[in-house]
Amino acid sequence: MVALFSVVFSHIVSTTTLPSKDSAVDKSVQPEKSQVEAEKELVSKFGGVLRPFVASNASLQLTAVYALQVFNHDIGFPKGMLLRSFVNCYELDILDEHAFLQWREDRKHSDDYPGKGKALFQVSANYFESK
């Protein structure tokens, strides 16, 4: 599950908000609105691939949320990306709200997936910043 979400999101962001050919991308700055919209569009297109793997399975959905956390950890937590990934997966019915709430409260698996503290901080900071 971690590999599937990582590969799909790696492709999505490398063609939208974090182009791999452009090494000068500043990860501390929100991408342009058009890039964010293109990112969401690709998440929507790949939703049909991701959804069947996690549908109606709370454990796999929690693992998928952790996969998004690990992916963002591996690429240095670009500003706003984790929150956008969470929101997109929720709004596009790939992941249920319960999976995100369970992830936030989960202490049992936190050591198994790197970056939980930074992920929680980034999601909370970006959520309140956008209000």
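How many aromatic pairs does the structure hold? The structure holds 4 aromatic pairs (ring centres of Phe, Tyr or Trp, its six-membered ring, within 6.5 Å). This is a predicted model, in which local features need pLDDT of at least 70 and side-chain atom pairs count only at pLDDT 80 or more, while totals for chains, interfaces and linings use all residues. Residues are numbered from 1 along each chain as its sequence is written, and side-chain values use heavy atoms, with hydrogens and water left out.

**View 1. Packing of helices H3 and H4.** The axes of H3 (residues 58-74) and H4 (residues 81-91) come within 10 Å and cross at roughly 155°, and the two helices are therefore roughly antiparallel (an angle over 145 degrees). Val65, Leu68, Gln69, Phe71 and Asn72 of H3 meet Met81, Leu82, Ser85, Phe86 and Cys89 of H4 in this contact (heavy atoms within 4.5 Å).

**View 2. The pair Phe86 and Phe100.** The ring centres of Phe86 and Phe100 are 5.0 Å apart and the planes stand at 50°, so the pair is tilted (planes neither under 30 degrees apart, which is stacked, nor over 60, which is edge-to-face). Phe86 belongs to H4 and Phe100 to H5 (residues 97-105), so the pair ties together parts 14 residues apart in sequence. Phe86, at 6% relative accessibility, counts as buried (under 20% relative accessible area, 1.4 Å probe, protein chains only); Phe100, at 13%, also counts as buried.

**View 3. The pair Phe86 and Trp103.** Here the ring centres of Phe86 and Trp103 lie 5.1 Å apart with planes at 80°, so the pair is edge-to-face. Phe86, Phe100 and Trp103 form one aromatic cluster.

Methods: Axes fitted to C-alpha atoms, helices over the stretch in contact; angles between N-to-C directions. Helix = DSSP H or I, 4+ residues; strand = E, 2+ residues; numbered from the N terminus. Parallel < 35°, antiparallel > 145°, perpendicular 65-115°, else oblique. Buried < 20%, exposed > 50% of the residue type's maximum accessible area, 1.4 Å probe, protein only.
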